[in-house]
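Colleague: I would like to go through the assignments in this model one by one. For each, please tell me what the label rests on.

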Amino acid sequence: MKSALGLLLKCFLIVFIDQSTIISIVQSKPHCMTRGKCGEADSILGTKLPVSCYYRGPPKPLRIDSKEYEQIRSIVPEYSQNLYCCDEQQINDIESQLAIPRNLLARCPSCLFNFVRIFYHMICSPEQSNFIQVTESNIDSNEVLAMQVDITKSIGETIFDSCANVQMPAGGVTVLSQFMCDLTDANETCTMDKFYGYLGKKGVSPIAINFNFIARPTTEQIKLDIYKCYQTPGTFSNKTCSCADCEESCPKPIPIPPSKDRIEWKLFGLDGIALIMGTIYLILFIASVSCVIFYLNKNKPIDAGGNKLSRARSIPYEQPWIHEKICTLFGIYGRLCAHFPINLLLPLIGLSIAVVMSIGLKKFDPITDPIHLWSTENSRARIEKRYFDENFGPFFRLETVVLTPKYQQSFQHGQDRFGPVFNQSFLLAFFQLQEDILNLKFRNRNGTYSQVSDICLSPMENRICMVQSALGWFQNKKSLLEKADYLDRLKQCIATPFHIEKNGINCLAPYGGPIFPHIALADYEEDHVYEAKAMVLTLALKNAIEHDDNFDAMQWEKLFLDYLNQYNNSLIDVAFFSERSLSDEIDRLSNSNISTILISYLVMFIYISLALGDFTTSKRFLVDSRIMLGLTGILIVLLSVISSIGLLCFFGVRSTLIIVEVIPFLVLAVGVDNLFILVQHFERLKCELRELQSESDLSDNQTDYQEKLRHRMERLLYTVAPSILLATCAESSCFFLGALTPMPAVRIFAINAGLALLLAFLFQMLIFVPLLAIDAKRQDQNRWELLYFRKTKIFSSIEVNRSDRKSFLYIYFNKIYAPFLLRNSVRFVVSMIFLAWFFLSVTMIPKIQIGLEQKLTMPKDSYLLKFFDAQADKLKVGPPVYFVVKDPNNRLDYSMMQNIFCSQEGCSDYSVTNMLSLVAKKSNQSYLVRSTPTSWIDDYILWSQSEKCCRTFPNGSFCSSDVESDQCVKCSIACDEYSDDDWCKNSEHFHRIRPNNFYQPYLDYFVHDEPNPDCPKGGKASYLHAISRRNDKRSSIRSSYFMTYHNPLSKSNDFTWALKNARLIGDKITTKIKEQLSSRKSSETDSYDDIEIFPYSFFYVFYEQYLTIWRDSALHISFALLSIWFVTFLFLSFQLITSLVVVLTIISIVIDLLGLMYIWNVPLNAISLVNLVMSVGISVEFCSHIARATKMANYSCPKIRAHKGLADMGSSVLSGITMTKFFGIIILAFSPSVIFQVFYFRMYLGIIIIGALHGLILLPVLLSITGTNQ
């Protein structure tokens, strides 16, 4: 970038010459108007320009044997006679002045040819009087002071157009707009009038020149061939301008990626998916109605319902031998749990197992780095990041401040309207803020104090930090800000960021590079930069690959954040961001959610304790309550989660914080359901055992009571434990299969969830079941909860025989709900409603947004929310993106393949930089800013050709352009018209660096050359870190990159599309490069298959997951459903239809949950994917128990079996998992975290409600329809 500065000044000098174009003849006998040198004039660069003599006379010949004669003959061979209006000294002066313009414009042969020819024509034409009029001269010195040059307008336009788009790779800007145009307003664009107006300005030219454009040439006009940018300029060169410099030279068609807009599939002008789903539903609905009508006509009328369970004939159900053995084993274990002291030892064993497993928590080291959390080690983004870090160093740490004025208004200055940020008082306050930030001192790792200059990125490696702010235009000096003409300086630097004068305005920042308006200014419309309402301060710090090595940077960032959090100024409002901000705020968010989670669990604990009880009267409240059992259920959840984490930590499986937030919900949901099933079935079994009426009887019949209690426990586990085992195995297997996913966060969650569910089942059997027997005995003895020594008096027989009374929910499900639901008419309506719901949800799924907005991950009071708003609404440029050339097997030799990387004349149309320039022209689709990427190889080639840049001492050491020494000689490493070696004779190598000179030592000279006005192409500021070298003898290139910028990105979808399109562009470039390399293979053994050009930006590793999120989601859910079907098929006595009904119901739950995500604006990302996988597991709880109870019912009619299964398990499902989680989830709605409200409250509530509706309504209906008579 720095190189552009010097270019600007030199260009101005030369451009003055370019004024002529074509001519209208004024006199009948052409003659000279100027000849020779009579004096010198000062240029705006502080150098001296030759002033021509006023001479009205005939042209004179040059010495035929002189090199000057040969030079002018090669440029303007049209002058057939040896008669010219210039002498040898003037030709040498011309060539000296053309050195820098040649360096700037050499990328485009036709532009340079037009420029040089017109320059020569204006100074040396023997017919100057036809187009030049001297309007002012100095009689004493005979110097020309002013002239008018007549130019045919069409020729002037052709010259301007041929040069208008010539790029300057170091800055991504055009040469004319930055160095050769008379721009006074940042909102202006370079036009032909401004171009020639600038060239004629005194100081740029030695005299004042007025270019007069003539619409039509005269008949005597001298003819000069002028070429358009896509034409080859005759014998001067056989190359056209490259695609980057001339859009007409670009290959067709333009290889751009597809648009980001979602392409909606339309049929007959309607949403295609919705139309198909609607059609299918209509067909199914008509078919169903037809079947019902057919059934009515052929059979008896549909019954009106009623409870047929009491009238149904019971038949014995024989289950397979293995299932019977499982039930028997559980029954035996149930009897053991009723034995004393076994029922005390078993809980102790369970606690001991939990304690032993929890020892692994000593190795607890949760993954908190988002990169390691959401991106796999072998993912493409991680591999590319690792490659970039190893070759070029990790991407720097960005510290950004967006400054907005308070209360200040826009103001008028001359003819320009300026935004409030240009108010001098605001700029001075900004200066003080920046100084305070740069002077912050921190205690480093060694305990001493350091400043930001010790840790910042310094492109020139001189401890001057890379600070991008508008104050850089003032060299970060307060004295320049306080000047009355500060706005003139601003206008100059905004219009031409590379502007530099030795004794005047210097627009380059102190760190050595330019400050572009779109980076330093913000909040303005289109190109109206002067109306900016905000400014941006960006500071880059060095980054390290290892987290611990960033200790010093993070210490300074903490001070930086503390300072800005406390900053209060009456003029400035700040929004700020630091590299550590996201992790800090996420940690704060996690801590703020602890209270919400605790309250949620407290509410669920209270409900469990109350709902597990079977209350008859308020006097027996402490007898009938089951507080200890409820507390035990919560304890089992904690033990299972802690034990699973500890066991996995012991084996080296790292955990994540998401486990703490999600898995307890999952385990509690499953565990509570199991608790309610056990307790409520235990209560129903009391009718099989008549408790004694008094204590005396109880003590006299202790043996009989114990036997009956054992029998109850045996029947309890024989009946329901296999159902709990079925659900546990199905849920655990679905999570263990989910561990096959490569995404670390989801994989670790799945492993922990599966293990925690298995341990929860184990602890329920070891701890809860024995305690249930103990608690039953306590209750039967009328002892108080918690105060075991207190007893309640013996109640009447009605109260004592409450065991004969079924619970209200059981009676409701058995007598009212099940008979109503299983009516034929109701079943038909239910089927059609759920089918419509399913198809409607399917139509919504493609419309679900993908990604995670950063604002959702922040606390509601986070300072980052303000920055994210500013980022979305004010900033005008997005993150940098590097297109990296990867050559793992050292196949590329840059010295021999310069044309496939460069973007100037002679380079391949499908070179790396030409392709990038091509797609950048469609920035709305490519997500790349509309500019040429920075190209080290283009600037290296131009640097090698410049006699001001590439110079050496006689001993071969480098001679910098700022060294004035007669010993310095120009490098002869690039091919030119005088080269006669074999390599240079190939026309493709014209202006290319010879292979034996490409690497050492000249490449080192280039990347360590500091740009200055004499040599703006020095590469140190821009390219020192853009090249990775090998350790071979030549220090050849291992890898390199070409940098550009993304468009401003604000939404998650923007980041995802930017990544996707950048990869499409990289793949396209890779394909074209391989095609060119293959055509140059010297042998059959040469292979370039491993060559790759890939894009890299620091955010890619976070957003890569969204490129495959749908595929990953489908894979996860498919694995989970497959495992559930297999386990259900095994545990339901190989009943294919029943197991398929369960899986279809779970599929419907997941599909309807996805539809709810669209309605409730829940995007699909890793968090919601975890919840979706969890929803599959929880859905098993809603379905498996009812399905098994239906299958095990001893009735022949499928409708009666469905009735029985719903009556037995429906109340437990409703009062257990449904109501418990409902009350707990409601608390999450009041969380201070938006992410908790969106991804936990909304999705959890959807899981519970949708799961309950499907399990309690749809599943019984499907089981009654699909079942067969037994």
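Modeller: Start with the network of salt bridges that links Arg380, Glu384, Arg1063, Asp1067 and Glu1104. Keep in mind that the model is predicted.

Colleague: How many salt bridges are there in the whole structure?

Modeller: The search finds 30.

Colleague: Why is the contact between Asp454 and Arg463 called a salt bridge?

Modeller: The closest N and O atoms of Asp454 and Arg463 are 2.6 Å apart. The cut-off is within 4 Å, between a side-chain nitrogen of Lys or Arg and a carboxyl oxygen of Asp or Glu, so the pair qualifies. Asp454 itself is partly exposed, at a relative accessible area of 35%.

Colleague: What makes Lys855 and Asp869 a salt bridge?

Modeller: Their closest N and O atoms lie 2.8 Å apart, and the limit is 4 Å, so the label applies. This pair links distant parts of the chain, 14 residues apart: Lys855 is in the loop between helix 28 (824-844) and helix 29 (863-873), and Asp869 is in helix 29.

Colleague: Why are Lys855 and Asp869 called partly exposed?

Modeller: Lys855 has 38% relative accessibility and Asp869 has 34%. Buried means under 20% and exposed means over 50%, so a value in between is partly exposed.

Colleague: Which salt bridge does Asp1208 form, and how is the pair placed in helix 42?

Modeller: The side chain of Asp1208 meets that of Lys1204, with 3.2 Å from N to O. The two are four residues apart in helix 42 (residues 1198-1228), so about one helical turn separates them.

Colleague: Why do Asp1208 and Lys1204 get unlike burial labels?

Modeller: Asp1208 is at 14%, which is under 20%, so Asp1208 counts as buried. Lys1204 is at 23%, between 20% and 50%, so Lys1204 counts as partly exposed.

Colleague: What makes Asp161 eligible for the negative surface patch?

Modeller: The patch is formed by Glu157, Asp161, Glu247 and Glu248. A patch residue needs over 30% relative accessible area, and Asp161 has 46%, so Asp161 passes that test. A patch residue also has no salt bridge. Asp161 belongs to helix 5 (residues 153-163).

Colleague: Which residues make the nonpolar surface patch, and which helix gives the most to it?

Modeller: Leu345, Leu348, Ile349, Leu351 and Leu635 make a patch of about 420 Å². Helix 10 (residues 342-358) gives the most, with four residues. Leu348 is in helix 10.

Colleague: How do you know that strand 23 is largely enclosed?

Modeller: Seven of the nine residues of strand 23 (residues 1037-1045) are buried, so the rest of the structure largely encloses this strand.

Colleague: What makes strand 19 and strand 23 a pair?

Modeller: Six bridges join strand 19 (residues 880-886) to strand 23, and pairing takes at least two, so they pair. They run antiparallel. Within strand 23, Thr1044 is the bridge partner of Val881.

Colleague: What makes strand 22 and strand 23 a pair?

Modeller: There are three bridges between strand 22 (residues 1027-1029) and strand 23, against a required minimum of two, so this is also a pair. The sense is antiparallel, and Arg1029 has Ile1037 of strand 23 as its bridge partner.

Colleague: Which peptide bonds are cis?

Modeller: The bond from Phe340 to Pro341 is cis, with omega near 10 degrees. Pro341 lies in the loop between helix 9 (321-337) and helix 10. The bond from Gln1000 to Pro1001 is cis as well, with omega near -5 degrees. Pro1001 sits in the loop between helix 34 (995-998) and helix 35 (1002-1007).

Colleague: Why remark on a positive phi at all?

Modeller: Because most residues other than glycine have a negative phi. Asp523 is not a glycine, yet has a positive phi of about 60 degrees; Asp523 lies in the loop between strand 16 (521-522) and strand 17 (534-541). Tyr927 has a phi near 65 degrees and is found in the loop between helix 31 (923-926) and helix 32 (936-945).

Colleague: Is Tyr927 buried or exposed?

Modeller: Tyr927 has a relative accessible area of 4%, and the buried class is under 20%, so Tyr927 is buried.

Note on methods: Residues numbered from 1 in each chain as written. Predicted model: local features only at pLDDT ≥ 70, side-chain atom pairs only at ≥ 80, totals over all residues. Heavy atoms only, no water. Buried < 20%, exposed > 50% of the residue type's maximum accessible area, 1.4 Å probe, protein only. Patch = residues over 30% accessible without salt bridge, like charges linked within 9 Å, V, L, I, M, F, W, Y side chains within 5 Å. Areas by Shrake-Rupley, 256 points an atom, 1.4 Å probe, with all protein chains shown as cover. Lys, Arg positive; Asp, Glu negative; His and termini not counted. Charge placed at Lys NZ, Arg CZ, Asp CG, Glu CD.
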